[in-house]
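Let's take a look at the open spaces in a protein and at what sits around them. Have the structure ready to turn as you read.

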Amino acid sequence: MATTARGGRAEQSSERRDQILSIAARLIARRGYAATTVRDIADEAGMLFGSLYHHFSSKEEILQEILRGFMVGLLQRFDEIAAEGGSPRDILDKLIGHAFTTIESQPDAVGLYQNELSFLARQPGFEFVGENSERIEALWLAQLEEGQRVGVFRDSLDAPIAYRFIRDAVWSTVAWYRPGRGHTAQSLTENFLDLLHSGLLAD
(Lines give C-alpha, C1' and ligand atoms only; values in the text may rest on other atoms or scores of the structure.)
Protein backbone atom coordinates (compact mmCIF):
# COMPACT_ATOMS: atom_id res chain seq x y z
CA MET A 1 0.00 0.00 0.00
CA ALA A 2 2.82 2.41 0.88
CA THR A 3 4.52 1.70 -2.44
CA THR A 4 1.29 2.43 -4.30
CA ALA A 5 0.87 5.70 -2.41
CA ARG A 6 4.42 6.78 -3.22
CA GLY A 7 3.87 5.89 -6.86
CA GLY A 8 0.70 7.96 -6.93
CA ARG A 9 2.45 10.96 -5.42
CA ALA A 10 5.30 10.66 -7.92
CA GLU A 11 2.83 10.53 -10.80
CA GLN A 12 1.00 13.59 -9.49
CA SER A 13 4.32 15.43 -9.11
CA SER A 14 5.26 14.54 -12.69
CA GLU A 15 1.91 15.75 -13.98
CA ARG A 16 2.29 18.98 -12.01
CA ARG A 17 5.78 19.54 -13.47
CA ASP A 18 4.40 19.04 -16.97
CA GLN A 19 1.62 21.52 -16.24
CA ILE A 20 4.11 24.09 -14.97
CA LEU A 21 6.31 23.62 -18.04
CA SER A 22 3.33 24.07 -20.35
CA ILE A 23 2.25 27.25 -18.56
CA ALA A 24 5.77 28.62 -18.53
CA ALA A 25 6.24 27.95 -22.24
CA ARG A 26 3.03 29.81 -23.04
CA LEU A 27 3.89 32.81 -20.87
CA ILE A 28 7.48 33.10 -22.07
CA ALA A 29 6.46 32.72 -25.71
CA ARG A 30 3.99 35.60 -25.33
CA ARG A 31 5.78 37.93 -22.90
CA GLY A 32 9.43 37.05 -23.36
CA TYR A 33 11.80 35.36 -20.95
CA ALA A 34 13.03 38.52 -19.22
CA ALA A 35 9.50 39.82 -18.64
CA THR A 36 8.16 36.53 -17.24
CA THR A 37 8.80 35.94 -13.54
CA VAL A 38 8.60 32.80 -11.45
CA ARG A 39 5.71 34.47 -9.60
CA ASP A 40 3.88 34.91 -12.92
CA ILE A 41 4.25 31.20 -13.62
CA ALA A 42 3.16 30.23 -10.10
CA ASP A 43 0.13 32.52 -10.24
CA GLU A 44 -0.94 31.10 -13.59
CA ALA A 45 -0.50 27.58 -12.23
CA GLY A 46 -2.66 28.44 -9.21
CA MET A 47 0.05 27.71 -6.67
CA LEU A 48 1.99 29.60 -4.05
CA PHE A 49 5.17 31.29 -5.21
CA GLY A 50 7.39 29.21 -2.93
CA SER A 51 5.68 25.95 -3.88
CA LEU A 52 7.01 26.16 -7.40
CA TYR A 53 10.51 25.66 -6.03
CA HIS A 54 9.52 22.17 -4.90
CA HIS A 55 9.48 21.30 -8.61
CA PHE A 56 12.14 23.58 -10.12
CA SER A 57 15.10 25.36 -8.61
CA SER A 58 14.93 28.42 -10.88
CA LYS A 59 13.38 30.03 -13.93
CA GLU A 60 16.50 29.01 -15.84
CA GLU A 61 15.88 25.34 -15.04
CA ILE A 62 12.30 25.64 -16.29
CA LEU A 63 13.45 27.13 -19.58
CA GLN A 64 16.19 24.53 -19.96
CA GLU A 65 13.73 21.69 -19.49
CA ILE A 66 11.24 23.17 -21.97
CA LEU A 67 13.86 23.64 -24.65
CA ARG A 68 15.71 20.39 -24.04
CA GLY A 69 12.55 18.34 -24.36
CA PHE A 70 11.47 20.27 -27.44
CA MET A 71 14.81 20.10 -29.24
CA VAL A 72 15.61 16.48 -28.39
CA GLY A 73 12.24 15.35 -29.72
CA LEU A 74 12.54 17.50 -32.84
CA LEU A 75 16.05 16.33 -33.69
CA GLN A 76 15.14 12.70 -33.03
CA ARG A 77 12.27 12.85 -35.52
CA PHE A 78 14.38 14.66 -38.11
CA ASP A 79 17.04 11.95 -37.75
CA GLU A 80 14.38 9.28 -38.21
CA ILE A 81 13.08 10.94 -41.37
CA ALA A 82 16.58 11.10 -42.86
CA ALA A 83 17.25 7.47 -41.89
CA GLU A 84 14.05 6.30 -43.57
CA GLY A 85 15.71 7.12 -46.89
CA GLY A 86 14.32 8.34 -50.19
CA SER A 87 15.36 11.01 -52.63
CA PRO A 88 16.72 14.30 -51.25
CA ARG A 89 13.51 15.99 -52.38
CA ASP A 90 11.33 13.43 -50.58
CA ILE A 91 13.36 13.74 -47.38
CA LEU A 92 13.36 17.54 -47.49
CA ASP A 93 9.61 17.55 -48.06
CA LYS A 94 9.10 15.31 -45.02
CA LEU A 95 11.38 17.49 -42.88
CA ILE A 96 9.34 20.54 -43.85
CA GLY A 97 6.11 18.68 -43.19
CA HIS A 98 7.22 17.69 -39.71
CA ALA A 99 8.28 21.26 -38.98
CA PHE A 100 4.75 22.48 -39.75
CA THR A 101 3.29 19.64 -37.66
CA THR A 102 5.51 20.73 -34.77
CA ILE A 103 4.35 24.34 -35.12
CA GLU A 104 0.76 23.10 -34.94
CA SER A 105 1.30 20.81 -31.95
CA GLN A 106 3.87 22.82 -29.95
CA PRO A 107 3.37 26.49 -30.86
CA ASP A 108 4.54 27.80 -27.49
CA ALA A 109 7.84 25.90 -27.55
CA VAL A 110 8.46 26.92 -31.15
CA GLY A 111 7.60 30.57 -30.44
CA LEU A 112 9.79 30.61 -27.36
CA TYR A 113 12.71 29.16 -29.31
CA GLN A 114 12.23 31.63 -32.16
CA ASN A 115 12.02 34.64 -29.87
CA GLU A 116 14.77 33.78 -27.41
CA LEU A 117 17.43 32.09 -29.56
CA SER A 118 19.77 35.08 -29.83
CA PHE A 119 19.57 35.66 -26.07
CA LEU A 120 20.05 32.00 -25.17
CA ALA A 121 23.12 31.66 -27.38
CA ARG A 122 25.01 33.82 -24.87
CA GLN A 123 23.77 32.13 -21.69
CA PRO A 124 25.74 29.51 -19.73
CA GLY A 125 23.82 26.27 -19.42
CA PHE A 126 22.09 26.66 -22.77
CA GLU A 127 24.92 25.44 -24.98
CA PHE A 128 22.76 22.50 -26.00
CA VAL A 129 20.44 24.87 -27.88
CA GLY A 130 23.17 25.98 -30.28
CA GLU A 131 24.55 22.46 -30.59
CA ASN A 132 21.18 20.94 -31.51
CA SER A 133 20.43 23.83 -33.87
CA GLU A 134 23.69 23.15 -35.68
CA ARG A 135 22.88 19.44 -35.98
CA ILE A 136 19.46 20.25 -37.43
CA GLU A 137 21.00 22.69 -39.90
CA ALA A 138 23.59 20.12 -40.99
CA LEU A 139 20.87 17.51 -41.54
CA TRP A 140 18.71 19.80 -43.68
CA LEU A 141 21.69 21.21 -45.54
CA ALA A 142 22.87 17.69 -46.37
CA GLN A 143 19.62 17.06 -48.25
CA LEU A 144 19.96 20.26 -50.26
CA GLU A 145 23.58 19.53 -51.15
CA GLU A 146 22.87 15.90 -52.05
CA GLY A 147 19.95 17.07 -54.18
CA GLN A 148 22.29 19.41 -56.02
CA ARG A 149 24.83 16.63 -56.47
CA VAL A 150 22.32 14.25 -58.07
CA GLY A 151 20.62 16.97 -60.13
CA VAL A 152 17.33 17.22 -58.21
CA PHE A 153 17.98 20.79 -57.08
CA ARG A 154 19.63 23.59 -59.08
CA ASP A 155 23.35 23.63 -58.44
CA SER A 156 23.50 27.37 -59.21
CA LEU A 157 21.89 28.12 -55.84
CA ASP A 158 23.95 28.67 -52.71
CA ALA A 159 22.80 25.80 -50.49
CA PRO A 160 23.30 27.56 -47.12
CA ILE A 161 21.30 30.56 -48.35
CA ALA A 162 18.57 28.27 -49.68
CA TYR A 163 18.47 26.54 -46.29
CA ARG A 164 18.10 29.83 -44.44
CA PHE A 165 15.30 31.00 -46.73
CA ILE A 166 13.43 27.74 -46.19
CA ARG A 167 14.13 27.61 -42.45
CA ASP A 168 13.00 31.18 -41.78
CA ALA A 169 9.93 30.90 -43.98
CA VAL A 170 8.80 27.71 -42.26
CA TRP A 171 9.47 28.46 -38.59
CA SER A 172 8.30 32.09 -38.70
CA THR A 173 4.85 30.72 -39.49
CA VAL A 174 4.36 30.28 -35.75
CA ALA A 175 3.88 34.06 -35.49
CA TRP A 176 0.63 34.00 -37.48
CA TYR A 177 -0.62 30.45 -37.92
CA ARG A 178 -3.59 29.57 -35.72
CA PRO A 179 -4.99 26.01 -35.96
CA GLY A 180 -8.66 25.83 -36.81
CA ARG A 181 -8.75 29.10 -38.74
CA GLY A 182 -8.73 27.82 -42.29
CA HIS A 183 -5.50 25.84 -42.49
CA THR A 184 -3.95 22.75 -40.99
CA ALA A 185 -0.31 21.69 -40.80
CA GLN A 186 -0.95 19.48 -43.81
CA SER A 187 -2.49 22.24 -45.93
CA LEU A 188 0.31 24.64 -44.95
CA THR A 189 2.85 22.02 -45.99
CA GLU A 190 1.08 21.49 -49.32
CA ASN A 191 0.99 25.22 -50.05
CA PHE A 192 4.59 25.75 -49.02
CA LEU A 193 5.90 22.81 -51.06
CA ASP A 194 3.92 23.92 -54.10
CA LEU A 195 5.51 27.36 -53.85
CA LEU A 196 8.96 25.88 -53.18
CA HIS A 197 8.86 23.44 -56.08
CA SER A 198 6.87 25.38 -58.67
CA GLY A 199 7.49 29.03 -57.81
CA LEU A 200 5.09 31.96 -57.80
CA LEU A 201 4.81 32.73 -61.51
CA ALA A 202 2.00 31.19 -63.58
CA ASP A 203 2.94 29.07 -66.59
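In this predicted model, the residues lining the largest pocket split into eleven nonpolar, two polar and three charged. That pocket holds about 500 Å³ of space. Its lining is made of 16 residues, and the ones closest to the centre are Phe153, Leu157, Ala162, Ile166 and Leu196. Want to find it by helix? The elements that give two or more residues to this lining are α4 (88-105), α6 (127-150), α7 (159-171) and α8 (185-198). The top contributor is α7, which gives four residues.

Now for the second largest pocket, with about 380 Å³ of space. Here 20 residues form the lining, and Tyr113, Leu117, Ser133, Tyr163 and Arg167 lie nearest the centre. Two or more residues each come from α3 (59-84), α5 (107-120), α6 and α7. This time α6 gives the most, with seven residues.

Here are the two linings by residue type:

| Pocket | Nonpolar | Polar | Charged |
|---|---|---|---|
| Largest pocket | eleven residues | two residues | three residues |
| Second largest pocket | eleven residues | four residues | five residues |

How do you spot a space like this at all? Rolling a probe the size of a water molecule over the atoms shows where empty space is left.

One last thing to try on screen: which element gives the most to the lining of the largest pocket? Colour α7 and you have it, with four residues. Then do likewise with α6, which gives seven residues to the lining of the second largest pocket.

Methods
Residues numbered from 1 in each chain as written. Predicted model: local features only at pLDDT ≥ 70, side-chain atom pairs only at ≥ 80, totals over all residues. Heavy atoms only, no water. 1 Å grid on protein atoms, 1.4 Å probe; cavity = no way out; pocket = protein on both sides within 12 Å on 5 of 7 lines; lining within 4 Å. Points joined across faces, edges and corners; volume = space filled by probe spheres on them. Nonpolar A, V, L, I, M, F, W, Y, C, P; charged D, E, K, R; others polar.
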